[in-house]
Amino acid sequence: MPSTHTVDQIDARILLALADAPRATVLALAADTGLSRNTVQARLNKLEMSGALRSFERRIVPSTLGYPLQAFVLTHVTQRKLTAVSAALAEIPEVLEVHGLTGVADLLVHVVARDADDLYRIAGQILDIKGVKRTNTALVMRELVDYRIQPLVAALAASSQESRDDSATR
């Protein structure tokens, strides 16, 4: 679900400090950012309440749970059954995320599996969902760039610093 909050430069500074030290206390984040403890706490609360921060589970590596294979299943569905298909996909534990697409397919389904036979079973489960017309599965061979957001946050924080520097020179 998209967030209802737009991160500003102060939030970006807090997020960068949190990215560097995910288990840091609010007091430590305040010290790292030069902000007051109350400001950091209020900002973090606002980010959490708005949905701007994702859950901790995103940090868990599936292979450590016994699911070393990852695949993306391009899924074509009957449009009027998209909601029901999405709900059925959410019931399959090996489905990590589902994105609605334009173009080549309707859904991009990210799945994990224990081995090739398990992937075959999961792909079959997806095909068995009423409203799924066809699928095309692509096995992830290697992860070249892991999920990341820090470069975007850093750019936002840097633009804040540049704005302050420009104001100070005027």
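## A four-stranded sheet and its surroundings

T75 sits in strand β1. The model is predicted. T75 is buried, as its relative accessible area is 0%. The contacts of T75, leaving aside residues up to four places away in sequence, are A105, D106, L107, V109, I126, V132, R134 and T135. Of these, L107 and V109 fall in the range of β3, residues 107-113. V132, R134 and T135 fall in the range of β4, residues 132-139.

**The sheet**

β1 belongs to an open sheet of 4 strands. The strand order is β2-β3-β1-β4, and the pairing is antiparallel. Why do β2 and β4 each have one side without a neighbour in the sheet? Both strands stand at the edges with a single partner strand each, so one side of each is left free of a sheet neighbour. β2 covers residues 95-100, and β4 covers 132-139. On average, neighbouring strands of this sheet are turned by 20° against each other, with direction ignored.

The pairings carry these bridge counts and include these opposite residues.

| Strand pair | Sense | Bridges | Residues opposite each other |
|---|---|---|---|
| β2 and β3 | antiparallel | 5 bridges | G100 and L107; H99 and L108 |
| β1 and β3 | antiparallel | 7 bridges | L69 and A113; L74 and L108 |
| β1 and β4 | antiparallel | 7 bridges | V73 and T137 |

L108 of β3 recurs in the table. H99 stands opposite L108, and L108 is also the bridge partner of L74. In a regular strand, side chains alternate between the two faces of the sheet.

β2 and β3 are joined as a hairpin, with 6 residues between them. G103 lies in the turn and has a positive phi of about 95°.

**Strand β3 and V112**

How many of the 7 residues of β3 are buried? The count is 6, so β3 is largely enclosed by the rest of the structure. V112 is found in this strand. V112 is buried, with a relative accessible area of 4%; the cut-off for buried is under 20%.

What does V112 touch, not counting residues up to four places away in sequence? Its partners are P62, Y67, L69, Q70, E94, L96 and I122. L69 and Q70 fall within β1, residues 69-77. L96 falls within β2, residues 95-100. L69 also stands opposite A113 in β3. P93 lies 19 residues from V112 along the chain, and the C-alpha atoms of the two are separated by 9.0 Å.

**The helix across the sheet**

Helix α4 spans residues 82-90. It lies across β1, β2, β3 and β4. Relative to β3, α4 runs at about 15°.

**A nonpolar surface patch**

F56, I60 and L65 form a nonpolar patch on the surface. Together the three residues have about 330 Å² of accessible area. Where is L65 placed? L65 is in the loop between α3, residues 37-50, and β1. Is L65 buried or exposed? L65 is exposed, with a relative accessible area of 54%; the cut-off for exposed is over 50%. T75 in β1, by contrast, is buried at 0%.

Terms used
Residues are numbered from 1 along each chain as its sequence is written. This is a predicted model: local features need pLDDT of at least 70, side-chain atom pairs count only at pLDDT 80 or more; totals for chains, interfaces and linings use all residues. Side-chain values use heavy atoms; hydrogens and water are left out. Two strands pair if DSSP finds at least two bridges between them. Helices (H or I, at least four residues) and strands (E, at least two) are DSSP runs, numbered from the N terminus. Axes are lines fitted to C-alpha atoms, for helices over the stretch in contact, and angles run from 0 to 180 degrees between N-to-C directions. Contact means heavy atoms within 4.5 Å. Patches are made of residues with over 30% relative accessible area and no salt bridge: like charges are joined within 9 Å, nonpolar side chains (Val, Leu, Ile, Met, Phe, Trp, Tyr) within 5 Å. Accessible areas come from the Shrake-Rupley method with a 1.4 Å probe; for residues, only the protein chains shown count as cover. A salt bridge is a side-chain nitrogen of Lys or Arg within 4 Å of a carboxyl oxygen of Asp or Glu. Buried means under 20% relative accessible area, exposed over 50%, partly exposed in between (1.4 Å probe, protein chains only).
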